[in-house]
Amino acid sequence: MSKILSNPVSQDERRVGPQAAAFLVSEGVDEVVAGDFGPKFRAELENNKITCTEMTGTASQVIDKLMS
């Protein structure tokens with residue numbers, strides 16, 4: 001199942017990567033798709049066995065690529 005989640009720490013200024021990763025872990029996420037990953041965010045995700053997939057394009061283009 002795929003779903004889009006809002007980032008609850010998007011307006012925070014400090015330690016956003018680890019907080020965002022903790023939120024995704026609490027949601028049971030197993031893969032995150034983004035245009036880029038900061039090093040701390042990626043490390044937190046990977047430490048929690050979450051796959052990091054880098055893709056660029058519009059949301060519909062990325063979804064099409066993922067579904068094919």
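Which side chain meets that of Glu46 in a salt bridge? In this predicted model, the partner turns out to be Arg42, with 3.4 Å from N to O. Both residues sit in helix α2, which covers residues 39–47. They are four residues apart there, or about one turn of the helix. As a bit of background, side chains of opposite charge can pair when their charged atoms come close.

That is one of two salt bridges in the structure. In the other, Arg42 turns up again, this time meeting the side chain of Glu54 at 2.6 Å, N to O. Glu54 belongs to strand β2 (residues 51–54) while Arg42 belongs to helix α2, so this pair ties together parts that are twelve residues apart in sequence. Put together, Arg42, Glu46 and Glu54 make up a linked network of salt bridges.

How open to the outside are these charged residues? Arg42 has a relative accessibility of 23%, so it counts as partly exposed. Glu46 comes out at 41% and therefore also gets the label partly exposed. For Glu54 the value is 43%, which again means partly exposed.

Next come the aromatic rings. A pair of aromatic rings is described by the distance of the centres and the angle of the planes. One aromatic pair is counted here. It is made by Phe37 and Phe41: their ring centres are 5.9 Å apart and their planes lie at 20 degrees, so the pair is stacked. The cut-off behind that label is simple, because planes under 30 degrees apart count as stacked. As for where the two residues stand, Phe37 has just 6% relative accessibility and so counts as buried. Phe41, at 18%, counts as buried too, because the limit for that label is under 20%.

The surface has something to show as well. Val33, Ile63, Leu66 and Met67 form a nonpolar patch there, and together they offer about 370 Å² of accessible area. Which helix gives the largest share of this patch? That would be helix α3, running over residues 59–67, with three residues. Met67 is placed in helix α3. Its relative accessibility is 66%, so Met67 counts as exposed; the label applies because the value is over 50%.

To pull the threads together, the model has a salt-bridge network of Arg42, Glu46 and Glu54, a stacked pair of Phe37 and Phe41, and a nonpolar surface patch that includes Met67.

Technical notes
Residues numbered from 1 in each chain as written. Predicted model: local features only at pLDDT ≥ 70, side-chain atom pairs only at ≥ 80, totals over all residues. Heavy atoms only, no water. Patch = residues over 30% accessible without salt bridge, like charges linked within 9 Å, V, L, I, M, F, W, Y side chains within 5 Å. Areas by Shrake-Rupley, 256 points an atom, 1.4 Å probe, with all protein chains shown as cover. Salt bridge = Lys/Arg side-chain N within 4 Å of Asp/Glu carboxyl O. Helix = DSSP H or I, 4+ residues; strand = E, 2+ residues; numbered from the N terminus. Buried < 20%, exposed > 50% of the residue type's maximum accessible area, 1.4 Å probe, protein only. Phe/Tyr/Trp six-rings, centres within 6.5 Å; stacked < 30°, edge-to-face > 60°.
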